[in-house]
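Trainee: Can you walk me through this one? I'd like to start with how the chains sit together.

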2 protein chains.
Amino acid sequence: VTLSAPAMRSLIEKKRAGLEHSREEIEALVGAFTRGEIDDAPVAAWLMAVCVTGMTLAETAHLTAAMAASGDTLTWGDASVVDKHSTGGVGDAVTLVAVPLAAEAGAKVAKLSGRALGHTGGTLDKLECIPGLRVDLGLEEFKSQVLRVGCAVAAATASLAPADKKFYALRDRTATIASVPLIAASILSKKIAGGAPAIVLDVKHGTGAFMKTPAEAEELGRVMRDVGERLGKRVRVVLTDMNEPLADSVGDALELDEALAALSGGGSPRLRSVAHAIAAAMLECAGLKSGIPHLGPEAFAKFVEMAAAQGGRLDEFDRAFKPARFIAAPSSGYVQRIDPRTLGELVAASKAGLPIEQARRTGLRLRKRTGDKVERGEPVIDVFETGAPILDLERLAASVTIGADPPASRQLVRALA
Amino acid sequence: VTLSAPAMRSLIEKKRAGLEHSREEIEALVGAFTRGEIDDAPVAAWLMAVCVTGMTLAETAHLTAAMAASGDTLTWGDASVVDKHSTGGVGDAVTLVAVPLAAEAGAKVAKLSGRALGHTGGTLDKLECIPGLRVDLGLEEFKSQVLRVGCAVAAATASLAPADKKFYALRDRTATIASVPLIAASILSKKIAGGAPAIVLDVKHGTGAFMKTPAEAEELGRVMRDVGERLGKRVRVVLTDMNEPLADSVGDALELDEALAALSGGGSPRLRSVAHAIAAAMLECAGLKSGIPHLGPEAFAKFVEMAAAQGGRLDEFDRAFKPARFIAAPSSGYVQRIDPRTLGELVAASKAGLPIEQARRTGLRLRKRTGDKVERGEPVIDVFETGAPILDLERLAASVTIGADPPASRQLVRALA
């Protein structure tokens, strides 16, 4: 299938007029763009037309399938294989906890992950704090570990949905990221290429998430579920709050440490709660309703087994952290707000340019959460720096709001109806 | 002024949200794009956002001014200097008649023209049928001829509004041509750079024009008038019908021949009528209300003088045309419709690949017009071919509709209220 310049122009005109593309049209566009047969500029115009006039579920499914088919794909032949994805947040260490938890309860978890993006952390970066641990598993190695150990967390290779990578880079340059069908197709194309028959999607909403409101998250979740189902997948969507950091920790090694604590039943109750809900959704989605996920020594052992299978020497990971500084409550009262985006940005900015070992151990840990009562001068957030002070303490202090009354409580996690 | 990638992204986001750009923002975008400092792709996304969300008159004026200022500009210091522009049609030989007519009545006509585009003819191509005639006048040569002879018709040089040329090429590739503010800015930027204080705009509507309905033409005309006035120009807009070819002739040499006839008071009454209205608007706009344009030997002489000033030897132009074939009325009745777009496309296709002299003399001449009564077998359109038959006679015949009753009459020309 090729796409001439006049044919591409017709596609743009059609989308600009808000008309629906056929499967053949979308396949031709994705194929020609991925092979470099059409320039970026007409595709950029088409993307903007999509942003403004939208796409139907059928079109979104065609786009997802075409991007998924643009590179290598995995097949499993095992109905209990499940993948998960989070739309990204701050202190979001859920994968590190939920994956071994679901695996321990019987699921085969084939998790393909990404790196840090903007103010959000990356699961791969956190995992790599374990000395020796490799995330660049080949597809066959990945598959074999999932079936043997019960879980693996690996980097999505360049050969997986290469069309999505090309589209994403162009969208980033042309302010066409924000579009529900384009976001849905981007996320799902990688999951479809990964081949798991069951997919759990953690769609976050709030100031630290891409989707600001529960309604926006619901819309994205609904589109992803419908599109996934059109493409033959079993999909569960969980909506979670991201108006404050999920875990108490923000920073690669600190989050890994807290995830390890959570696996044994410790750490922030918020992290445990969301990880438990996600693991339960994974089991249900994988058709294992009888499996009840349980945090404890077995779940921790499954993590150790997974890490070891990927070359990780967990006993060499130093879990002793000592805060260098802290910010104190400027007045007595209740914590009203801890802005997750600011915390994510501050940690990302502090890491930039540091040697990798120091960058990994840079971060924050909340000693108070939204709704907690504090006394003036009491520590609210601990700051972890391995060298000279680099974190902007003034901005960090400004990210916390203390008020006289306790704030209204927010629902942390709920399933999409 | 430079424009970073994040700043460009912000501009796209702003326009996508339908917000108004400042003058500084538009100047930065036009400057950076024209100097090649930003890629085509983000500009393509911005153009599509403009197509869908529009631009205010202020933004359109900023865009027009920035594109006009991107290259050489002319200044006149004479209030009677006037320029004109037609949005393009079939058999549109108006410039060849109206320019000398207005000049003879006292205006100084500084007409910068273009080439054939798509199914529409180009004034420069028609003028060049005169042996020796040059249209590539330098800006100083152009200026001096206008002031000395009273008129000149020259090619807009590459140095005039180069930003518009770059934008237009990108719009053509990205299906972002159809946008009232972008069309208005493109047309006016060249007129503003040309420097005439008075501008007459012939906005055509109908099946052979870019604007299909009178309402669309009115909208474009109103925007161009308002933007021109914001930029300190006197502007008159004339709306003309393009639901059938304007002149009886379609084809470079045939149209030149008919224009010469019109200058002496002959040729198609439609061509004379529109040319007269345009010349009157030019005189009024140039502040010469007392000058009444009159077709006759003086107007013809002014054309001869202008052509000679540009090196043209009009006496060597062969005005003897002999039709090679014709299409006949398939039934008796009234001519309901003669599709101008088909005629324009057929002539353009027939010329393609021919030696230039043969291409120029290829064309059509209507022997019947919409509303005329015809008998079955009577010639409706004469076909002029200098070599082997190449024009698709079947498609030509299909462009003519004969019916039992006379069609409703249409207003040929009116001023924008």
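Mentor: We'll take the two copies, their interface, one helix and then some salt bridges. First the ground rules: this is a predicted model, where local features need pLDDT of at least 70 and side-chain atom pairs count only at pLDDT 80 or more, while totals for chains, interfaces and linings use all residues. Residues are numbered from 1 along each chain as its sequence is written, chains are lettered from A and ligands numbered from 1 in the order in which they are written, and side-chain values use heavy atoms, with hydrogens and water left out.

Trainee: What turn lays chain B on chain A?

Mentor: A turn of 180° with a shift of 0.0 Å along the axis, giving an RMSD of 0.0 Å. The two copies are thus related as by a two-fold rotation axis. The superposition is by least squares on the C-alpha atoms of residues with pLDDT of at least 70 in both.

Trainee: Which residue of chain B comes closest to the rotation axis?

Mentor: B:Ala41, with its C-alpha at 1.9 Å. Both copies use the same surface, as 100% of the contact residues of chain B recur in chain A. Contact means heavy atoms within 4.5 Å.

Trainee: OK, the interface. How many residues are in contact?

Mentor: 22 residues of chain B with 22 residues of chain A. The buried area is about 1800 Å², and carbon and sulfur atoms give 61% of it. That is the accessible area (1.4 Å probe) the two parts lose on being put together, summed over both. B:Arg16, B:Met48 and B:Arg173 supply 33% of what chain B buries against chain A, more than any other three residues.

Trainee: And how many salt bridges cross it?

Mentor: The rule finds 4 between chain B and chain A. It asks for a side-chain nitrogen of Lys or Arg within 4 Å of a carboxyl oxygen of Asp or Glu. B:Arg173 and A:Asp39 form a salt bridge at 2.6 Å, N to O. As for elements, helix 1 (5–16), helix 3 (40–53) and helix 8 (162–173) of chain B each give two or more residues to the side touching chain A. Helix 3 of chain B has the largest share, 9 residues. Helices here are DSSP runs (H or I, at least four residues) and strands likewise (E, at least two), numbered from the N terminus.

Trainee: Switching topic. Which residues of helix 7 of chain B are buried?

Mentor: B:Leu139, B:Phe142, B:Lys143, B:Gln145, B:Val146 and B:Val149. They fall within an arc of 165° seen down the axis of helix 7 of chain B, so they line one face of the helix. The arc is that of the directions from the helix axis to the C-beta atoms. B:Glu140 and B:Arg148 are exposed on the face turned away. Buried means under 20% relative accessible area, exposed over 50%, and partly exposed in between (1.4 Å probe, protein chains only).

Trainee: What covers that buried side?

Mentor: The cover includes strand 2 (108–113), strand 3 (151–155) and helix 13 (297–309) of chain B. Just after helix 7, B:Gly150 has a positive phi of about 105°.

Trainee: Back to charges. What about A:Asp92 and A:Lys204?

Mentor: Their side chains meet in a salt bridge at 3.9 Å, N to O. A:Asp92 is in the loop between strand 1 (81–86) and helix 5 (94–104) of chain A and A:Lys204 is in strand 4 (residues 198–205) of chain A, so the pair ties together parts 112 residues apart in sequence. Both residues are buried. A:Lys204 also forms a salt bridge with A:Asp202, at 2.9 Å between the closest N and O atoms.
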